[in-house]
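Please read the report below with the sequence and the model open beside it. It moves from one pair of residues outward to sheets, cores and domains.

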Amino acid sequence: MKKYCNGILIIMSFILLMVSCQEVIDVDLPTEEPRLIIDALVRVDTNEAFTKVTVKVSETSSFFESIPAANLQQITLTNLDLPGGGINPPVLIEETPGSGIYSKVFDTDFLTQGSLFLQVDFEDEFYVATARFVPTVPIDNLVQGDGILFDEDDTEVIVTFTDSDERDDFYLFDFDFGNYLVTEDEFYQGQQFEFSYFYDEALAVGDTLNISIMGVDEDFYTYMDQLILQSEEDFGPFETPALTVRGNFINATNIDNNNNFDNLNDINNFALGYFAIVQEYKETLVVQE
Amino acid sequence: MKIVAFSLFVLLSTFGFSQQKYTLSGTVLEEETGETLIGVNVIIPELRTGAITNEYGFYSITLPEGTYNVTYSSLGMETRVVTIQLTDNIRRNISLTADTEQLDEVIIEADVERASIKAPQMSVNTLSAETIKNIPVVLGEADVVKSILLLPGVTNAGEASSGFNVRGGAADQNLILLDEATIFNSSHLFGFFSVFNPDAIKDVKLFKGGIPSRYGGRLSSVLEIFQKEGNSKELKINGGIGAVASRLLAEGPIVKDKAAFLVGGRASYAHLFLPLFNIDNSAYFYDLNTKINYRINEKNNIFLSGYFGRDLFSINDSFVNVYGNALVNFRWNHIFSDKLFSNLSVIYSDYYYGLELDFVGFEWNSGIQNFNIKYDLKHYLSDKLQINYGINNIYYVFNPGKIQPNNPESGILEEQLIKKYANEFAAYVDVEHTLTNKLRVQYGLRLSHFIRFGQDELNVYENNNPVEFDPFLLIYKAAEPIAVSNPGRSGRLASYTNLEPRVSLSYTFNDDVSVKASYTRIAQYLHLLSNTSSPTPLDVWTPSGPFVEPQLLDQYAFGFFKNMWDREFTLETEVFYKDIQNRIDYIDGANLIANNAIEQVILNGEARAYGWEFLFRKNTGDLQGWIAYTLSKSEQRTPARNSEEIGINNGQWYNTPYDKTHDIALYGNYRLNETWSFNSNFVFQTGQPTNFPIGQFEFQGLVIPYYGLRNSTRLPNYHRLDVAATLTPRKNKGRNWQSEWVFSIYNVYNRMNSASINFRQNQDTGINEAVRTSIFGIVPSVTYNFKF
């Protein structure tokens, strides 16, 4: 629901665009010390017995520079609800040295039950996050539409799925090419729901679109919603306020639960990114005339 | 209430009543149209005293027995001197004729726009309909809101942004009154135009401080607009054809000199933006003003007025958006005696916002309705004492929206977001008192009382705290409700009472020099939920209640006023300091749209603003105009509520989006001859505070900029120059059909002012870039105006 409202804002921005002009300019930007980024979205296909967990780590850079990979001291993933889960936790291994991509293959059951705990050790600080597997529903139908929103070149994709009426659901859709959409079932609880997504980019006939639906919890839904907004171009009166989107990693270096229970004394020491484990259903669609 | 007024009366009337006194009262009208005139100076030269006609053209002055050469004067009107032998109470209605030899030969004694030296009222600016029409604006549409932006202390968030900001205040802190009725959204087309039809306007007054106690409910300013009543002598039609919109206004007598009507319409051309897109879009607005007035007799006068305006956007029928104001207003002026004038207003107003999204299959209708009753009395006790008092009650219904499926196949379920109900009552006394020849004071008190009634569902939170702080991630987030109560509409969720004292005083050194000081306290019970840089029609108003406290303002202002060189020039300069409690602030990532539990994403903060304003004006001659300069600061902060939190923005002060350090406006009007006149304005403003990213990160292929502290950088400075030339053809003379051409150029030197700078990844190249959006470059336009 919320996503659609944000969609409205974008549409209004387009109306303004029609009388305005946009130009790429040079701007001097303030900078700060690099900060760790942890991209740990684990997409699980429950039909598979094994799931490869991949975590990408990098460091922030000034907006006009490239983002360098980070080199970790260690990264481990534990299931806290398994007996002895905290002892000798499984370690993720960097795929190629310097890539910043760490992975390991797990039993799918290891990931879908209980509370998972990810610990990242970097430059003598350690960052931790927990996540639980969130289920979802499959896509019922995926077809290309011939509707247009702004432009003749728009490609419309019509997605149909049936919401579960047993729980409050939050969904994340990956429409490929870095296009994401979040929605919650507040206004279609338990219904079969159909909506259209319009691609901004010019798609060619024969392009394959990998589209997936993922189940997310409310916190991750909010995170992705903000991330999408901050990454989108919008401007003018409908501009969303700029903000730093904080994820779920806690800098636990100084928390000893004895003298220090929180991070109030070191408010600027945090990592960006998110750790989430989601169920994913994938469909593909080949773009037609 | 009455008792307070009465005891004040007793107290004050003990001041010197030794000589036999009589009252001269009446109404001042325009000869040609029968329209009442606001702000006419009624001067008694023999006693060096005077009065001013009120919003309904009525004046009353009590003087010792004697013979006086009473002078009636007003801008653009020929001054009339009437010799009156005051040996009894006299009712004298006066007609003034429009000064056709305008501004050339006749020295205008009183200019409504000029600073009033003696009156304690300060921080007020008046614009005549004439000035508003002369100021060049984009696409040639004369515009009230765009005109007041040229005054000191008034800014907005830039082009194509609705609303305006007064003395560092937010746009929701302006009380906008159209014929005494509150207007919630003052813009068409997201701020390109204001909703007021310039042809129907009689008088515009902006109070920035020293706000008299008869006004309340908004902290920063009062923009009071009075519309014409309609020509009671003969049928007149005028109109204009412009680049974006056309307008037509008809007025005339129903019963000559007794009843008149006015109907005005304005519409923009549909499919305004169509040429730019080869698909079925439309974007247009229209508005309709109607007014009927009936002078029953000398003592009673009634008005019925209506306003209806709508904006409509449609894209391919898959997106349809309609919004606008509607209001009906009945007023009754009753003159109890020569000294006691009253007005009763009964107002219903409605703001509607509707949206249909076909590609999602839903429809959304929201709005605010309010029912407003006002009863105001003006008691003209003597030439030295006037007491105004009255009561006001407003009942509000807020509908945040009803969501419905727009077709039978849609999966959307019907849902009514929770409606909110509230009542605002106020009673006031306002005394205008001349203590000595040099010292005048205006003081008053407003008692306001606000009740937030029950609603269908209300969340209950642990420790009554709807916003939690995460001490590890250091972010605020919504608290989970522990229960949902159902107070029902009869219950009261919260009530607030505030006493709002207001004092202004002026000390006059001589007829041309004075100093003034004022203190104002105002409570505001409604809040516009908006975390964008300027309001959008989608923004929802929310009443104060159990989690949202009323905003409270204390404003102090001090000013110096001087007429110079035979009153050809005036200088007004003021300093002000404002302190606002309970200014709502939004936690990072707050979602305000369709949110039933807004308390989960807001915190009560505080705001402050201070500054210096300077206005130098040339009032007479072929060249008229002004230079306005404002130096100011506007900030807000939301500190931690306890030691376990850090507050929003780490609890530090940060610039509000409308903090403009320097604001310069120059306006000039030059009358070359009877055929040609020229207008020009220049505006310079410090760039709007904004955020530039201090870095970037990547997540699942998305490139996301991230930011430091709030509003710590600024857009580039804003400036532009506009010019306009008005051609009045010579053949107009001696014929009925009067016409003029207005040629204007907005942003003459084509400055690309930044409406915003956005940081994004280019979709084609994958390279990060900063993109500046400018709304208007140079915009020439032509408007044709006519009347007959």
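In strand E3 of chain B, Ile52(B) is the bridge partner of Asn41(B). Asn41(B) belongs to the other strand of this pair, since strand E2 (residues 41-44) of chain B and E3(B) pair in the antiparallel sense over four bridges. Two strands are said to pair if DSSP finds at least two bridges between them, and the elements themselves are DSSP runs, numbered from the N terminus, with helices (H or I) of at least four residues and strands (E) of at least two.

This is a predicted model, in which local features need pLDDT of at least 70 and side-chain atom pairs count only at pLDDT 80 or more, while totals for chains, interfaces and linings use all residues. Residues are numbered from 1 along each chain as its sequence is written, and chains are lettered from A and ligands numbered from 1 in the order in which they are written.

## Sheets and strand pairs

The pair E2(B) and E3(B) is part of an open sheet of four strands, in the order E3-E2-E5-E6 of chain B, with antiparallel pairing. Strand E3 (49-52) and strand E6 (80-86) of chain B stand at the edges with a single partner strand each, so one side of each has no neighbour in the sheet. On average, neighbouring strands of this sheet are turned by 25° against each other, direction ignored; the axes behind such angles are lines fitted to C-alpha atoms, for helices over the stretch in contact, and angles run from 0 to 180 degrees between N-to-C directions.

Chain A has an open sheet of three strands in the order E9-E10-E13, and its pairing is antiparallel. Strand E9 (139-145) and strand E13 (192-199) of chain A are the edge strands, each pairing on one side only, and the twist from one strand to the next averages 20°. Within this sheet, Val143(A) has Ile158(A) in E10(A) as its bridge partner.

Further along chain B, Ile627(B) has Leu666(B) in E43(B) as its bridge partner, and Tyr667(B) stands opposite Asn681(B) in E44(B). A hairpin joins E43(B) to E44(B) through four residues. The table lists three of the antiparallel pairs.

| First strand | Second strand | Bridges |
|---|---|---|
| E9(A) | E10(A), residues 155-162 | six bridges |
| E41(B), residues 623-637 | E43(B), residues 662-671 | nine bridges |
| E43(B) | E44(B), residues 676-685 | nine bridges |

In a regular strand the side chains alternate between the two faces of the sheet.

## Buried residues and cores

A residue counts as buried if 20 or more other C-beta atoms lie within 10 Å of its own, as exposed if 12 or fewer do, and as partly exposed in between, with C-beta atoms placed from the backbone. A nonpolar core is a set of buried Ala, Val, Leu, Ile, Met, Phe, Trp, Tyr and Cys residues joined through C-beta atoms within 7 Å.

The largest nonpolar core has 110 residues, and those with the most contacts inside it include Val42(B), Ile132(B) and Ile225(B). Strand E28 (residues 420-434) of chain B gives the largest share of this core, six residues. Apart from it lies another core, of 85 residues, among them Leu116(A) and Val278(A).

Which residues does Ile132(B) touch, leaving aside its neighbours within four places in sequence? Its contacts include Leu127(B), Val144(B), Pro198(B) and Ile201(B), where a contact means that two C-beta atoms, placed from the backbone, lie within 7 Å.

Why is Gly242(B) called buried? Gly242(B) is buried because 21 other C-beta atoms lie within 10 Å. Its place is in the loop between strand E18 (236-241) and strand E19 (245-255) of chain B.

## Chains and domains

Chain A has three helices and 16 strands, and buried residues make up 39% of its 289 residues. The domain bounds used here come from an automatic or database domain assignment. Chain A is divided into domain 1 (36-134 + 245-279) and domain 2 (136-234 + 281-286), whose centres, taken over C-alpha atoms, are separated by 26 Å. Their contact takes nine residues from domain 1 of chain A and 11 residues from domain 2 of chain A.

For chain B, the assignment gives domain 1 (2-96), domain 2 (124-223) and domain 3 (224-787). Here the contact takes four residues from domain 1 of chain B and five residues from domain 2 of chain B.
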